[in-house]
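Here are my notes on the model, set out as numbered points for you to follow alongside the coordinates. Please read them with the structure open.

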Amino acid sequence: MRKWNLKKDVYDADLTVEEMVNAIYVFDRLHYKYPEDDTITTAIEILRDEICQMFGGSIYNDENR
């Protein structure tokens, strides 16, 4: 039986699209509760861009970066 390792199995593991989409759902709910919090908006934007990068794109174009 393989031993579970926090560093290897959590911190060093690659994120999946499903995990990031689930995180966006959580941040969307928080954004509804705290609509003026720019940190939440930024987190959602970062997650969306990470998902796009997994497929070779980006939510940004060169002008917006």
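1. This is a predicted model, and I begin with a residue on the outside of it. Lys33 counts as exposed, because its relative accessibility is 58% and the cut-off for that class is over 50%. The residue belongs to helix H2, and its C-alpha atom is separated by 20 Å from that of Ile46, although the two are 13 residues apart along the chain.

2. A second exposed position is Leu15, which has a relative accessibility of 53% and sits in the loop between helix H1 (6-11) and H2. Its C-alpha atom is 16 Å from that of Tyr25, ten residues further along the chain. Exposed as Leu15 is, it still touches Met20 and Met54, once residues up to four places away in sequence are set aside.

3. Helix H3 covers residues 38-54, a run of 17 residues, and from its first C-alpha to its last it reaches 25 Å, close to the 24 Å expected at 1.5 Å a residue. At the N-terminal end of H3, Asp37 acts as a cap, with a side-chain oxygen placed 2.8 Å from the backbone nitrogen of Thr39. Just after the helix, Gly56 adopts a positive phi of about 90 degrees.

4. Which residues of H3 are buried? They are Ile40, Ala43, Ile44, Leu47, Asp49 and Ile51, and the helix against which the buried residues of H3 pack is H2 (17-33).

5. The pairing of these two helices deserves a careful look. Two packed helices are described by the angle between their axes and the distance between the axes. For H2 and H3 the angle is about 160 degrees and the axes lie 9 Å apart; angles over 145 degrees count as roughly antiparallel, and the two helices are therefore placed in that class. Their crossing is left-handed.

6. The contact between the two helices draws on residues from both. On the H2 side it includes Val17, Met20, Val21, Ala23, Ile24 and Phe27, and on the H3 side the participants include Ile40, Ala43, Ile44, Leu47 and Ile51. Polar and charged residues also take part, among them Asp28 and His31 from H2, and Thr41, Arg48 and Glu50 from H3.

7. Ile40 illustrates this packing at the level of one residue. It lies in helix H3 and is buried, because its relative accessible area is 7% and the cut-off is under 20%. Leaving aside neighbours within four places in sequence, Ile40 is in contact with Phe27, Leu30, His31 and Tyr34. By contrast, the C-alpha atoms of Ile40 and Val17 are 19 Å apart in space, with their positions 23 residues apart in sequence.

8. Where does Asp49 lie, and is its position buried or exposed? Asp49 is part of helix H3 and is buried, with a relative accessible area of 4%. Its side chain is joined to that of Ser58 by a polar contact of 2.7 Å, and I would ask you to view this pair together with the list of buried residues in H3, in which Asp49 appears.

Terms used:
Residues are numbered from 1 along each chain as its sequence is written. This is a predicted model: local features need pLDDT of at least 70, side-chain atom pairs count only at pLDDT 80 or more; totals for chains, interfaces and linings use all residues. Side-chain values use heavy atoms; hydrogens and water are left out. Helices (H or I, at least four residues) and strands (E, at least two) are DSSP runs, numbered from the N terminus. The expected span of a helix is 1.5 Å times one less than its number of residues. Buried means under 20% relative accessible area, exposed over 50%, partly exposed in between (1.4 Å probe, protein chains only). Contact means heavy atoms within 4.5 Å. A polar contact is a pair of N or O atoms within 3.5 Å; within protein, one must be able to donate a hydrogen and the other to accept it, and residues adjacent in sequence count only if both atoms are side-chain atoms. Axes are lines fitted to C-alpha atoms, for helices over the stretch in contact, and angles run from 0 to 180 degrees between N-to-C directions. Angles under 35 degrees count as roughly parallel, over 145 as roughly antiparallel, 65 to 115 as roughly perpendicular and the rest as oblique. A crossing is left-handed if the near helix is turned anticlockwise from the far one by less than a right angle, and right-handed if clockwise.
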